[in-house]
Amino acid sequence: MKPNHDFVAERPLAQHCAELIQAALPQRDLLADAAELARDVAAELAKGMLSVASGDEIAITCSEVSRSNTTAFINRMGREMAHCVIAMDGGGALLFSIDHSAVHILTDRAYGGTGEVVEPLPVELPLSADLTLRQLEATWCDALGHGLPAASTFAVARRGGDLGRLDPFRGQADCVHFDLAVEQEGHAAWNIALSASIRDLECLLECHSQAGDEASALSSAVDPMAEPFGDIVLPARAVLAETSISLARASGLAVGDTIPLAIAREVPLLIGDSTVARGSVGIQDDCVALQISCKS
């Protein structure tokens, strides 16, 4: 017996649009993106650290980026290191770490020494070295601010020598870390270690990507060499020296009084309140001149 049936669909067949059945987007290469971020930060650091690492121009290179367990990373870091957690408004943070020996070397050079330090080094950083460290921390914040203009501000959130107490990764299981090698002619190289939890790193990378898009849009929209921008006159000034005196001293100034001034190795060139370059003071055609050594 072969019954005949006419089958009728209860509802229309599904019609999937191309957007629903297209291949999944490739996952972000976290380590490659982190390496690109590190290179951008290194480039900004090389400009900003001239005021701390007195001498010739600085070259900063990034080594291979790696991923590891946060507990293992904390246990591996040496005890004689200074750590600084720099946080971004809205989320995301980077941990900067530097050997005490590098801080002592920079401090000795800042006070006119050769950078040679005598072992053993003190366990705690003296006040002069701590001031050098705070200067370094300020340059790190500035470098992140230049590298990630989409972010509002970067500031030191926590600092110290004990990573366990600092809790830099806020309970996250994995982190990414890499070393920045700082080289300067005539001086031994030293390192700055950077690290971040996966969650914070993804937040920073997102801002880094947005900043790149903004920079591309700006560069395509405005050409400073073309009309009408190229002919705009911007008043520039070089700040040779600054000092502070008390109100009593200022009110008592008389003709012939002497006020000592210390001219920095790198004099800032400003347009408005923004530093656009730095250079050394010299003479050209019987006039005081500024030879540009780096652009900000």
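# A walk through the chain

Welcome! Start with the whole chain in cartoon view: eight helices and eleven strands should come up. Keep in mind that this is a predicted model. The chain has 296 residues, and 32% of them count as buried. If you switch on a surface, you are looking at about 19,000 Å² of exposed area, with carbon and sulfur atoms supplying 53% of it. Contacts between residues 24 or more positions apart make up 62% of those in the chain with a separation of 6 or more.

**Stop 1: the largest nonpolar core**

Now hide the surface and select Leu 45, Met 49, Ile 60, Phe 96, Ile 98, Trp 140 and Ile 192. Within the largest nonpolar core, a set of 49 residues, these touch the most other members. Next, colour helix α2, residues 30–48: its nine residues are the largest share of this core. In soluble globular proteins, nonpolar side chains tend to be buried together.

Zoom in on Ile 192. Which residues is Ile 192 in contact with, leaving aside its neighbours within four places in sequence? Show Met 49, Phe 96, Ser 97, Trp 140, Phe 178, Asp 179, Leu 180 and Val 182 to see them.

Apart from the largest core there is another one, made of eleven residues. To find it, pick some of its members, including Phe 73, Ala 93, Cys 175 and Ala 193.

**Stop 2: a four-stranded sheet**

Move on to strands β8, β9, β10 and β11, which form an open sheet in that order with antiparallel pairing. At the edges you will find β8 (236–238) and β11 (287–295), each pairing on one side only. Turn the view and look at the twist: on average, neighbouring strands here are turned by 40° against each other, direction ignored.

Select β10, residues 274–284, together with β11: eight bridges join this antiparallel pair. Within it, look for Gly 279, which stands opposite Ile 292 in β11.

**Stop 3: two aspartates with positive phi**

From this pair, step into the loop between β10 and β11, where Asp 285 sits. Asp 285 is not a glycine, yet its phi is positive, at about 55°. Is Asp 285 buried or exposed? With a relative accessible area of 70%, Asp 285 is exposed.

For the last selection, go to the loop between α6 (163–166) and β6 (174–184), and pick Asp 167. Here too is a residue other than glycine with a positive phi, near 50°. Asp 167 counts as partly exposed, because its relative accessibility is 38%.

Notes: Residues are numbered from 1 along each chain as its sequence is written. This is a predicted model: local features need pLDDT of at least 70, side-chain atom pairs count only at pLDDT 80 or more; totals for chains, interfaces and linings use all residues. Side-chain values use heavy atoms; hydrogens and water are left out. A nonpolar core is a set of buried Ala, Val, Leu, Ile, Met, Phe, Trp, Tyr and Cys residues joined through side-chain atoms within 4.5 Å. Buried means under 20% relative accessible area, exposed over 50%, partly exposed in between (1.4 Å probe, protein chains only). Contact means heavy atoms within 4.5 Å. Two strands pair if DSSP finds at least two bridges between them. Axes are lines fitted to C-alpha atoms, for helices over the stretch in contact, and angles run from 0 to 180 degrees between N-to-C directions. Accessible areas come from the Shrake-Rupley method with a 1.4 Å probe; for residues, only the protein chains shown count as cover.
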